[in-house]
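Here is a short briefing on one protein chain. Look over the sequence and the structure before reading the points below.

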Amino acid sequence: MRKFTFSVLLCLALGSALLTPAAAQSERPGEVIPARSYAIVNARLVPVAGSPIERGTIVIRNGLIVAVGADVKPPADARQLDGTGLTVYPGLMEAVGYLGFAPAPPATPPAAGPVRATPGATPPAVPVGGLANSTRPTGFQPELLAAELVRPNGDGLEAARQAGFTTALTIPRDGIVLGRSAVIALAADSPREMVIRTPVALHIAFRVASGSGYPNSLMGVFSMVRQAFLDAQQYQAHWAAYRANPRGLKRPADDPSLEALLPALNRELPVVFHADTEREIIRALDFAQEFNLRPIIAGGREAEKVADRLKAAQAAVLLSLNFPKRTTAFAPEADPEPLSLLRARTAALKTAAALHSAGIPFAFQTGGLSPAEALSNVKKATENGLPAEVAIRALTLRPAEMFGLADRLGSLEAGKVANLVAVRGDLFDARRKLAFVFIDGAMVNLRGSNVTPGEIAGTWETKDLKLTFSRENNELKGKVRIGDTDIEVRELRLGLDEDASLSTVRFVADLPRDGATRAAIFTGKYTSDELRGTFTVDGKAEPERMFKRGTAPPATPGAAATGTANGSGAVFDFTGTWNLTVSFGPQSLPATMTLRQEGTNVSGTLSLGPVGTVELSNGRVTGNRMEATARVDFGGRSVELQLSGTGNGNSLEGTVTSPQGTAAFSGTRPQ
């Protein structure tokens, strides 16, 4: 059966008029496909790959950074975000963690009373190992691929995003040979879109797995893993001989577990050994030396004690930020802590600085801590000798270099993926306030604080002036009305105040003053129904004006109650008719989506050119994000479309995904 890409499917649905870009141009002359772009201006930029820029601009378009610098001018179609008082870093990377997997199902309680078999029934098959096709004991799963298990709503993703993490190396938590990891984006519409690279490394933890079966001792674990690698060497030799001359030889049996070890044995894939203590690290390095593996140490709490061995093995360290803590609450009557624990707690704070001094590459991992707490622990490392710029690199560019992704991740450079975090205050201070987080060029809706400028679209009135703001093709425009005269504003910027608690607006308008037209700079702060600000002319501030909201966008009747993509955590109201443009490459397709919303449930219809009008199902809203599905018939074939969009006032942008591909859409809801 012939496979159609999503764009071809849409083109065929429209007919031959849209089969070529030229035809598309003639079908809708002069049409401009709305750009999905942002510009953060007046911010301090920390590229990591270069020197900080104290006052610069970074421009994002179509998921990529297109310009960074002090002299960069924002494009006219970019949504400008005021970065005054903010510092922008590359998005943070979790060097190794357990993010993105579906929550474990609740344990099924044992049935009461004896379990009786049904006469004549075949007993269920029980796999030897942890996977159905495994030939090894439970906990030995080298064939497992993390990329096949991650989900967009998986464990830990939301908390990581809210702390400024945008990518992660992820692997399931349990086991001895845990499988092969993947680097994932922490926000995506599908599992396929999450995966940036797979496989990245094979992971081994020399520990006794849960359960009563073999191996049930540390010696047994080492014996089992070592034997498996020896078997893999023999397995590879048998297959090499068979492929070279199969005549007269019995075909070796396929073994997915041993097959998965071969890239590590051939040094095509590094091996991450999860080890903390000096003894554990030495065992891991000895094992790597025996089988000529490329070792990386994850955890590494006592790594500085074996710095010479690490350097000789050219091993990097994924250093845990989960520092040793007191095992009991402090109290005068409490028993004193063992001296060894006191030393371990003190030494762990200095490990990062020691590795840096020894020239051993390392990146930070949260070590199971909450992302916010882990960042606070970075500050402790910097207070114990680690340079701040090295700490930032260990959360951004260094892990990207280790995983072969420095050509697209880890720094603020033109051409790289637009993963970034903008912070007010010290990135490693517990009082930090995140202003913006972008993942693949899409802004993350930060909850719990008004970190994204609230929706200002609508009219604002005082006794002699009227301000009107509107969004057209995702571009914010404004005008000032004096009497019957409308004056267009320029340099319109939205932002946040110093405490990230109120949205701010700034613009310039040419207003009549003293018999002449003068450039008046307006700066103000606003809530859902009130805007206070001041015009400044020739450096002199006029008295403060207070504007009351007149008419607001239909999306936000009582913004505090309905939510307007302002980070409040409330639910955005998608009710209404949305005029959309679905874009795929150089071509576009008009569409109309009519939505009805009740609480967090949404229903409605989608009209997509000659495909016709179809009902939406499974519609739901989370914050300012909606998701729904639709089925369209094409050539006697039923195709399911997944719609996902983010609302902002009367603007909506998102993606339409079919089993064959994804197209972007954007549009507006007429007032």
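The notes below go from the whole chain to three local backbone features.

This is a predicted model. The protein chain has 671 residues, and 49% of them are buried. Its secondary structure comprises 14 helices and 36 strands.

**Whole chain**

- Strands number 36 in the protein chain, and helices number 14.
- Take the contacts in the protein chain with a separation of 6 or more: 56% of them come from residues 24 or more positions apart.
- The exposed area of the protein chain is about 31,300 Å².
- Carbon and sulfur atoms supply 52% of that exposed area.

**Cis peptide bond**

- Thr198 and Pro199 are joined by a cis peptide bond.
- Omega for this bond is about -15°.
- Pro199 sits in the loop that runs between β10 (195-197) and β11 (202-204).

**Positive phi at Asn62**

- Asn62 is not a glycine, yet its phi is positive, near 50°.
- The residue lies in the loop between β2 (53-61) and β3 (64-69).
- Asn62 has a relative accessible area of 60%. The cut-off for exposed is over 50%, so Asn62 counts as exposed.

**Positive phi at Asp440**

- Asp440, also a residue other than glycine, has a positive phi near 50°.
- Its loop lies between β17 (433-439) and β18 (442-443).
- Relative accessibility of Asp440 is 37%. Partly exposed covers the range between under 20% and over 50%, so Asp440 is classed as partly exposed.

Terms used. Residues numbered from 1 in each chain as written. Predicted model: local features only at pLDDT ≥ 70, side-chain atom pairs only at ≥ 80, totals over all residues. Heavy atoms only, no water. Helix = DSSP H or I, 4+ residues; strand = E, 2+ residues; numbered from the N terminus. Buried < 20%, exposed > 50% of the residue type's maximum accessible area, 1.4 Å probe, protein only. Contact = heavy atoms within 4.5 Å. Areas by Shrake-Rupley, 256 points an atom, 1.4 Å probe, with all protein chains shown as cover.
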